[in-house]
Amino acid sequence: MRISKILAALAAGTMLTATTIAAQAGGKLNIYNWAGYTPPELVEKFEKETGIDVTIDTYDSNETLLAKLKAGGGGYDIIVTAHTFIEVDAKEGLIQKFNPKDLPNYKYLDKKFVDPSWDPESQYSLPYQWGTTSFAVDTAVYDKPIDSFETLFNPPAELAGKVGMLKGGSDLIAMAELYLGVPLCSEDPAEMQKVLDLLLAQKPSVKVYAGAAALRDQMVSGEIAMTSNYSGQAQRTRAEKKTVQYVYPKEGVIAWVDALAIPADAKNLENARKFADFLLAPENAGALSNHAGYANGSVGSEKFMKPELIEAPELHVPEGIKTEPMKTCSPAANELEAQIMTQLMQ
């Protein structure tokens, strides 16, 4: 399945359904993003072009980001979060409207990302990058054929004790649900008990629950030999360690979009809008993909992407493999997920 087909799958999963920025020179911009997700050279370019001083803090799960926003926002002007959190953040007043359609470079945005289901009028967000979630295996440690999440959740002896898992509940639980055939965001306690039982049975084989960047580093170093992770992180892992393979299980993979948004209490709104517009430019969107290893939403960016990235297997879901779009869970489903994570991490 090519990149365009992943976008089509996202749309089918109900996920996807100009005023010039004030020319204020200088100032500050505070960004809160996933670790390893912001290219330093792109930040330097933005600073040189605008005179704006950029500061970046990082987090390791969507849940960490949400807690920060609920605690007051942390003084950030830009955040990047999974698309499934945008609707919730907007309803709770944690992010603000910034009218992306007024940005000069909005013309480059792929139409599939205009008015998506999580932001129906494109007022609160822009796509940052998008991809899938599955798991990767070091074939130098385990070289047998793998076609199921069974290998991840019931590791063979060669991999037992060498497993890494994403620490965010929304990622961890979604993969377990996909493997078990449980609907994403289930509100059924009996179904979620099956998820908990699966994760508890796997736990003795898990060496670490961590963020995506940390799991990438530990795969490269050999501390772990199998890990759940995002497609871009898997691609970056393979770039450093050729024996690493991203697995497309027969049960399917999780599909998602990371979105850029502006917290409600952002102090540097116009600078945040400038940065959002800067990232929409195809040249800059291509540079973002080259660094992080994911697809982006700007038409024409492929001209600036590395050929090996465009053809990377991590970016192309094979024909016949289902892509299951991440969903925005109900409060009842979120409560069940929270209970699972509390018991799992005890």
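1. In this predicted model, Asp138 stands opposite Val244 in strand β8. Asp138 belongs to β4, which covers residues 125-138, and the pairing of these two strands is a useful place to begin.

2. Strand β4 is joined to β8 by four bridges, and the two strands run antiparallel. Strand β8 itself comprises residues 244-247.

3. A further antiparallel partner of β4 is β7, with five bridges between them. Within this pairing, Phe135 has Ser228 of β7 as its bridge partner. Strand β7 takes in residues 226-230.

4. Strand β4 also pairs with β9, which is formed by residues 253-261; eight bridges connect these antiparallel strands. Here Pro127 is matched with Ala259 of β9.

5. Is β4 mostly covered or mostly open? The strand is mostly covered, since 14 of its 14 residues count as buried. The cut-off applied is a relative accessible area under 20%.

6. Helix α8 runs from residue 212 to residue 221, and its buried residues are Ala212, Ala213, Leu215, Arg216, Gln218 and Met219. In general, an α-helix has 3.6 residues a turn, so residues three or four places apart point the same way. In α8, Ala212, Leu215 and Met219 are among the buried positions.

7. Which elements help to cover the buried residues of α8? They include the strands β4, β5 (163-166), β6 (206-210), β7 and β8, together with helix α9 (231-240). Strand β4 thus appears both in this cover and in the antiparallel pairings with β7 and β8.

8. Directly after α8 comes Gly222. The phi angle of Gly222 is positive, near 90°.

9. Turning to the whole protein, the secondary structure amounts to 13 helices and 10 strands. The C-alpha trace extends over about 60 × 45 × 35 Å along its principal axes. The radius of gyration is 19 Å, which agrees with a compact globule, because a globule of 346 residues would be expected to have a value near 20 Å.

10. Of the 346 residues in the protein, 58% are buried. The accessible surface is about 13,900 Å², and carbon and sulfur atoms contribute 52% of that area.

11. As regards charge, the protein carries 32 positive and 45 negative side chains. The centres of these two sets are 3 Å apart.

Definitions and conventions
Residues are numbered from 1 along each chain as its sequence is written. This is a predicted model: local features need pLDDT of at least 70, side-chain atom pairs count only at pLDDT 80 or more; totals for chains, interfaces and linings use all residues. Side-chain values use heavy atoms; hydrogens and water are left out. The radius of gyration is taken over C-alpha atoms; the globule rule is 2.2 Å times the number of residues to the power 0.38. Buried means under 20% relative accessible area, exposed over 50%, partly exposed in between (1.4 Å probe, protein chains only). Accessible areas come from the Shrake-Rupley method with a 1.4 Å probe; for residues, only the protein chains shown count as cover. Lys and Arg count as positive and Asp and Glu as negative; His and the chain ends are not counted. The place of a charge is taken as NZ of Lys, CZ of Arg, CG of Asp or CD of Glu. Contact means heavy atoms within 4.5 Å. Two strands pair if DSSP finds at least two bridges between them.
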